[in-house]
Amino acid sequence: MSRREEIIVLGAGVVGMATALTLAGRGHRVTVVDGAGGPGLGTSFANGAQLSYAYTDALASPSVLRQIPHILLGLDPALRFQPHLDPDFLRWSIAFLRNCGAGSFRRNTLAGLALAARSRLALDQLTERHALEYGQSVPGKIHIYRTAASLAAAEAMVALKRANGITQTLLDPDAAVALEPMLAPVRDEIAGALHTPGEAVGDPHRFCSGAHDALIRAGGSSMFDLPVERIETQGSQPAIVTRCGTRVPADRIVLAAGPGASRLARSLGVYLPVQPMKGYSITAPTGAAAPRASITDVANRVVFARLGNRMRIAGLAEVGRRDTRVEPDRLRALTDSARAALPQAADYDNIESSWAGLRPMTPDSLPITRTIAPGVIANTGHGGLGWTYAAGSAERVAQIIEGTA
């Protein structure tokens, strides 16, 4: 290992906490800083809970490109773009369109697949080393398809992923019900399904809390309720400057502040191509036909992940939305889509909690993990796969610091 360093990790979500714990495990002195009152209270608080190691398909794709007029008119209930006239959004949008080509989609998807494989191993190592408990299990995942055309498109992706070591099986409706009997109520509504046995689930907020406790046991520290105004690189060390003017220096600063990373990078004169993508989730008791496997309804863009006797249901993607308000009409849209997809998966009349959060999205759906200024490393832009990519991108940060990237 390189010399022991004082490192500040900005952000206490799954990406920040995985990074902090990884660096502490390599002997560095790590302090986590977050404007919230504790770990995992932002984007990581109640996301979809699926660890999608095989489903890393980039958002920018030929299919989305064909749907752009439909999406801009607000006719897609699940995917929306809210245009802005600021230069950063326009620059991001142009880059997104450039990534919608077939070659870019394939390249970005495979790059995500490689990072996800690395992340699976890294998360397993963190979990074992620190005895982390976050309701983790490996129930596998089933994607259900409503049309023959969408099933055929999935078949093409299966061939690509099988060639890269992923185990997946296409199922007809009867085989899907045989594998997951709780799909019986919608058997006549689906054209087929895709089963990926190695996919996992875990509660991201519980992971953040457990990782924070492990960090403290390892000699690290944390500073919560501390909004950061900017990052400075004058002098021999970079430093964060809080809103009350306090300056805290370190040998390195890791910028894992999710959608807030762009603002902090601008204080260094650096542009990060990250836009917020708002998503929603509900958590409810399991229903009469709650599946054991994770389910993704492709047509409705809704995911179901069972966490014990609770069902986490997530969906909707609103690129460019910059607030975290839980809007009743959008929450109702998610709930209605979930009911339509799996009417007995959850007790929809007794929703225990609802949530909205901003996922940091890059034009190519791949996280940015690189040095952006002297002593400052960005680790952001994980989009809807932050939970999946967190431990792998943490390993990348460690390699950058140790000069082995």
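Phe81, Phe89, Trp92 and Phe96 form one aromatic cluster. The model is predicted. Across the whole structure, six aromatic pairs are found. One of them joins phenylalanine 207 and tryptophan 387. The geometry of this pair is tilted, with 5.1 Å centre to centre and 50° between the planes. The two residues come from distant parts of the chain, 180 residues apart. Phenylalanine 207 sits in helix H7 (residues 204-217), and tryptophan 387 sits in helix H10. Both rings belong to buried residues: phenylalanine 207 has 1% relative accessibility, and tryptophan 387 has 4%.

Helix H3 covers residues 87-98. Its twelve residues should span 16 Å at 1.5 Å a residue, and the end C-alpha atoms are 17 Å apart, which agrees. Phe89, Trp92, Ser93 and Phe96 are the buried residues of H3. Seen down the helix axis, the buried residues fall within an arc of 100°, so they line one face of H3. The spacing follows from helix geometry. An α-helix has 3.6 residues a turn, so residues three or four places apart point the same way. On the other side of H3, Pro87 and Arg98 are exposed. The cover over the buried residues of H3 includes helix H2 (62-72) and strand S4 (79-81). Strands S14 (275-285), S17 (310-319) and S18 (353-361) also contribute to this cover.

Alanine 60 makes contact with one of the H3 residues, Phe96. Alanine 60 lies in the loop between strand S3 (50-51) and H2. Its relative accessible area is 0%, so alanine 60 is buried. Beyond Phe96, alanine 60 touches Asn99, Cys100, Phe105, Pro363 and Ser365, leaving aside residues up to four places away in sequence. The C-alpha atom of alanine 60 is separated by 30 Å from that of isoleucine 253, 193 residues apart along the chain.

Isoleucine 253 belongs to strand S13 (residues 252-255), which is covered on both faces. Arg252 and Val254 are buried on one side, and Ile253 and Leu255 are buried on the other. S13 runs parallel to S1, and four bridges join the two strands. Within this pairing, isoleucine 7 stands opposite arginine 252. S13 also runs parallel to strand S20 (residues 376-380), to which three bridges join it. Here the bridge partner of valine 254 is isoleucine 377.

Glutamate 5 is placed in the segment before strand S1 (6-10). It counts as buried, because its relative accessibility is 4%. Contacts of glutamate 5 include Asp251 and Arg252. His28, Arg29 and Ile401 are also touched by glutamate 5, again not counting residues up to four places away in sequence.

Helix H10 spans residues 386-402. At 1.5 Å a residue, its 17 residues should span 24 Å; the end C-alpha atoms are 23 Å apart, which agrees. H10 nevertheless bends by about 30° at glycine 392. The helix is mostly covered, with 15 of its 17 residues buried. Just after H10, glycine 403 takes a positive phi of about 75°.

Positive phi values also occur at residues other than glycine. Most residues other than glycine have a negative phi. Alanine 49 has a positive phi of about 75° although it is not a glycine. This alanine is placed in the loop between strand S2 (29-33) and S3. Alanine 49 is buried, with a relative accessible area of 1%. Arginine 301 likewise has a positive phi, near 50°. It is found in the loop between S15 and S16. At 32% relative accessibility, arginine 301 counts as partly exposed.

Asparagine 300 is placed in the loop between strand S15 (294-297) and strand S16 (302-307). Its relative accessible area is 23%, so asparagine 300 is partly exposed. With residues up to four places away in sequence set aside, asparagine 300 touches Ala78, Arg146, Ser337 and Ala341. The C-alpha atoms of asparagine 300 and serine 337 are separated by 6.2 Å, and the two residues are 37 residues apart along the chain.

Technical notes: Residues are numbered from 1 along each chain as its sequence is written. This is a predicted model: local features need pLDDT of at least 70, side-chain atom pairs count only at pLDDT 80 or more; totals for chains, interfaces and linings use all residues. Side-chain values use heavy atoms; hydrogens and water are left out. Buried means under 20% relative accessible area, exposed over 50%, partly exposed in between (1.4 Å probe, protein chains only). Contact means heavy atoms within 4.5 Å. The expected span of a helix is 1.5 Å times one less than its number of residues. The arc is that of the directions from the helix axis to the C-beta atoms. The bend at a residue is the angle between axes fitted to the seven residues ending there and the seven starting there. Rings of Phe, Tyr and Trp (its six-membered ring) pair if their centres lie within 6.5 Å; planes under 30 degrees apart count as stacked, over 60 as edge-to-face and the rest as tilted. Two strands pair if DSSP finds at least two bridges between them.
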